[in-house]
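Subject: Structure handover, with notes on the ligand site

Hi,

Here's the structure I promised to pass on. Have a look at it first, then read my notes underneath.

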Amino acid sequence: MSHPLFDLTGRVALVTGSSRGIGREIAAGLAEAGATLVLHGRDRDRLEATRAQFAADFGEDRISAVAFDVTDPDQVSAGVAEAERVAGPIAILVNNAGVQHRVPLLDLELADWQRVIDTDLTSAFLVGRAVARGMIERGRGKIINIASVQTDLARASIGAYTAAKGGIRNLTRAMTVEWAEHDIQINAIAPGYIHTEMTQRLVDDEEFNSWIVGRTPARRWGRTADLKGPAVWLASDASDFVNGQVVFIDGGMTVVV
Ligand code: NDP
């Protein structure tokens, strides 16, 4: 039997960007721990395919899906309202939706900088603010922002992403200083290099792949499943006095030179 501190039965969780990749796996982890899931993405067909698979795995009554663009303030307000209408008050929010854009800073167009900042940082503010209003009224909630090793480390050609993910660390702290007194725990998970669609090109690049494996004390890429346990912990009563932290799930990459 699992430990009761990690039981999420009856709690509604919204995971942004859960139609695929890391978000999908985190959503599966929360559902396995008992949560009622609102899945999310932009592409409606992909989202519906994921919803159908989750409904088959966990039951129609525990799974719903809402599509909206996390960079559009009006869509965020309407989307969060719709999620709560279909599933009930959100107890757990995972701000996971994100994009990457690999271009050196000198060649980076302002529009691309803005798109990355909007998707990877401003979205967490917009969705977090919309959901936190209800959490504050209810006096309870869990928010998990998805950061990155780029929260701490820079690498050439991903300047906008690095700036956004550094911002996620301090947004997590800013949310904590204003909302923690309402029994809301806001923390961040910072995944290392995880094999997903976003990183497929890097996995296929032999030189980059061997650099990653050599640079990581655990000597492997992360798997999306590696993020399930930390997500369940930060979504559950097991983390009720954990506030404003960034937890690196990176095989040790950020602790070595
Ligand atoms: P994927 O590209 O596999 O999935 C991205 C998800 O975000 C999709 O569900 C996508 O939906 C959604 N999304 C993107 N833009 C928007 C938008 N504007 N509005 C709504 N939904 C959107 O990404 P990963 O799973 O690799 O990454 C997920 C998170 O983890 C990101 O925040 C990323 O920065 C972070 N991360 C990833 C790492 C990795 O190695 N992969 C390492 C560290 C952090 P749709 O398909 O409908 O567009």
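Below is what turned up on the ligand, its pocket and the cavity.

One caveat before anything else: this is a predicted model, so please read every number here in that light.

**The ligand**

The ligand sits in the largest pocket. Going by the elements that give two or more residues to the shell around it, you want to look at α1 (21-32), β2 (36-41) and α5. In total, 32 residues surround the ligand, and the closest of them are R42, D43, R46, N96 and Y161. Sorted by class, that shell has 14 polar residues, 12 nonpolar ones and six charged ones.

A few polar atom pairs are worth pulling up in your viewer:

- R46 uses its side chain: one of its polar atoms is 2.4 Å from an oxygen atom of the ligand.
- V70 comes in through its backbone, with an N or O atom 3.0 Å from a ligand nitrogen atom.
- I194 also has a backbone N or O atom by the ligand, 2.8 Å from an oxygen atom.

As for burial, the ligand would expose 900 Å² taken alone, and the protein buries 96% of that.

**The pocket**

The largest pocket holds about 870 Å³ of space. Its lining runs to 41 residues, and those nearest the pocket centre are N96, A97, G98, V99 and M198. α1, β2, α4 and α5 each supply at least two residues of that lining. The class split for the pocket lining is 16 polar, 14 nonpolar and 11 charged.

**The cavity**

How many cavities of 30 Å³ or more does the structure hold? Just one, and there is about 60 Å³ of space in it. The residues lining this cavity are T16, N95, N96, A97, T119, D120, S123, A124, V127, I146, K165 and I168. By class they come out as five nonpolar, five polar and two charged.

Which element gives the largest share of the cavity lining? That would be α4, with five residues. Both α4 (110-138) and α5 (159-179) supply at least two residues each.

If you want a place to start, try N96: it is among the residues closest to the ligand, it is one of those nearest the centre of the largest pocket, and it also appears in the cavity lining. A97 is another one to click on, being listed both near the pocket centre and in the lining of the cavity.

Shout if anything looks odd on your side.

Cheers

How values were computed: Residues are numbered from 1 along each chain as its sequence is written. This is a predicted model: local features need pLDDT of at least 70, side-chain atom pairs count only at pLDDT 80 or more; totals for chains, interfaces and linings use all residues. Side-chain values use heavy atoms; hydrogens and water are left out. On a 1 Å grid over the protein atoms alone, a cavity is a set of points where a 1.4 Å probe fits but cannot get out, and a pocket is an open set with protein on both sides within 12 Å along at least five of seven lines; lining residues have an atom within 4 Å of a point. Grid points are joined across faces, edges and corners, and a volume is the space filled by probe spheres set on the points. Helices (H or I, at least four residues) and strands (E, at least two) are DSSP runs, numbered from the N terminus. Ala, Val, Leu, Ile, Met, Phe, Trp, Tyr, Cys and Pro count as nonpolar, Asp, Glu, Lys and Arg as charged, and the others, Gly among them, as polar. A residue is near a molecule or strand if one of its heavy atoms lies within 4 Å of it. A polar contact is a pair of N or O atoms within 3.5 Å; within protein, one must be able to donate a hydrogen and the other to accept it, and residues adjacent in sequence count only if both atoms are side-chain atoms. Accessible areas come from the Shrake-Rupley method with a 1.4 Å probe; for residues, only the protein chains shown count as cover. A molecule sits in a cavity or pocket if more than half of its atoms lie within 2 Å of its grid points.
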